[in-house]
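Colleague: I have this model open and I'd like a close look at one part of it. Could you pick out the aromatic residues and their surroundings and walk me through them?

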Amino acid sequence: MNSMVAQFHFVGILCFTFLAGLFLFMLPPVPGPPIYIFAGMVVAEHCPLGYWWGCVISILVCIVLKLFACAVQQKLVGERLGSRDDIRMAVGVHRPFMRAVETVLRRPGLSFGKCMILCGAPDWPVSV
């Protein structure tokens, strides 16, 4: 992998990491940690400013990637497909866990529970 990535400019590595991560976040079974680990390993190793600056840049890229992926999922998946019964059944919005998530998310304001759901719950069901 390093030999393939070494031929790219650092900005190209960042763009590739972002686009690959976005693609993987659009797949429902793919969790975030493998994407974050890949980004951390590749970006930190190839950063021209050094390893620690590469770690900081990797963290920033992953935060922006996660927020962008969530926004895309909510706008493209949640708004457009969230009213379809077959999608709602596949996601499981009728199950007790998703009903509890819905109850917490509908409360006004920001709470610890909302933050934990938005950070730790699967993205696709939350988006729908």
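What follows is a walk through the aromatic residues, with some context before and after.

Modeller: Happy to. Keep in mind that this is a predicted model. For orientation, the protein has eight helices and zero strands, so along the sequence you just read α-α-α-α-α-α-α-α. The C-alpha trace spans about 50 × 30 × 20 Å along its principal axes. Of the 128 residues, 35% are buried. As for how the chain meets itself, take the contacts between residues at least 6 apart in sequence: 60% of those join residues at least 24 apart.

Now to the rings. How many aromatic pairs are there? The count comes to three aromatic pairs. One of them is Phe25 with Tyr36, a tilted pair with 6.2 Å from centre to centre and 55 degrees between the planes. Phe25 belongs to helix H2 and Tyr36 to helix H3 (residues 32–46), so this pair ties together parts that are 11 residues apart in sequence. The two partners sit in unlike settings: Phe25 is buried, at 2% relative accessible area, whereas Tyr36 is partly exposed, at 31%.

Another pair is Tyr51 with Trp52, and here the geometry is edge-to-face: 5.1 Å centre to centre, with 80 degrees between the planes. Tyr51 is partly exposed, with a relative accessible area of 49%. That value is not over 50%, so Tyr51 does not make the exposed class. Trp52, at 67% relative accessibility, does count as exposed.

Go back to Phe25 and Tyr36 for a moment, because a charged residue turns up beside them. Which residues does Lys66 touch, leaving aside its neighbours within four places in sequence? Lys66 is in contact with Phe25, Tyr36 and Asp123. Lys66 is found in helix H4, so with Phe25 in H2 and Tyr36 in H3, these contacts bring in residues from H2, H3 and H4. As for its own setting, Lys66 is buried, with a relative accessible area of 15%.

Helix H2 has another spot to look at. Thr17 lies in helix H2 (residues 10–25). Buried or exposed, where does Thr17 fall? Thr17 is buried, with a relative accessible area of 3%. Its side chain reaches the backbone oxygen of Ile13 at 2.8 Å. Not counting residues up to four places away in sequence, Thr17 touches Phe38, Ala39, Val43 and Leu65, so an aromatic residue, Phe38, is among its contacts.

Val61 gives you a second view of this region. Val61 lies in helix H4 and counts as buried at 15% relative accessibility. Val61 and Thr17 are 44 residues apart in sequence and 8.5 Å apart in space, C-alpha to C-alpha. Beyond its neighbours within four places in sequence, Val61 is in contact with Leu14 and Phe18.

Other aromatic side chains face outward. Trp53 sits in helix H4 (residues 51–81) and is exposed, with a relative accessible area of 53%. Trp53 also helps make a nonpolar surface patch of about 750 Å², together with Leu49, Val56, Ile59, Leu60, Ile63 and Leu67. For the whole protein, about 8,500 Å² is exposed, and carbon and sulfur atoms supply 72% of it.

Phe97, in helix H6 (residues 96–106), is exposed as well, with a relative accessible area of 53%. Its C-alpha atom is separated by 20 Å from that of Val30, 67 residues away along the chain.

While you're in H6, take in the charges there. Glu102 forms a salt bridge with Arg99 (3.3 Å, N to O) and another with Arg106 (3.2 Å, N to O). Glu102 and Arg99 are three residues apart in the helix, so about one helical turn separates them; Glu102 and Arg106 are four residues apart, again about one helical turn. Because these bridges share a partner, Arg99, Glu102 and Arg106 join into one network. Glu102 is partly exposed at 30%, Arg99 is partly exposed at 40%, and Arg106 is exposed at 65%. The whole structure has three salt bridges, and Asp86 with Arg84 is one of them (2.8 Å, N to O).

Definitions and conventions: Residues numbered from 1 in each chain as written. Predicted model: local features only at pLDDT ≥ 70, side-chain atom pairs only at ≥ 80, totals over all residues. Heavy atoms only, no water. Helix = DSSP H or I, 4+ residues; strand = E, 2+ residues; numbered from the N terminus. Buried < 20%, exposed > 50% of the residue type's maximum accessible area, 1.4 Å probe, protein only. Polar contact = N/O pair within 3.5 Å; in protein donor to acceptor, adjacent residues only side chain to side chain. Contact = heavy atoms within 4.5 Å. Phe/Tyr/Trp six-rings, centres within 6.5 Å; stacked < 30°, edge-to-face > 60°. Patch = residues over 30% accessible without salt bridge, like charges linked within 9 Å, V, L, I, M, F, W, Y side chains within 5 Å. Areas by Shrake-Rupley, 256 points an atom, 1.4 Å probe, with all protein chains shown as cover. Salt bridge = Lys/Arg side-chain N within 4 Å of Asp/Glu carboxyl O.
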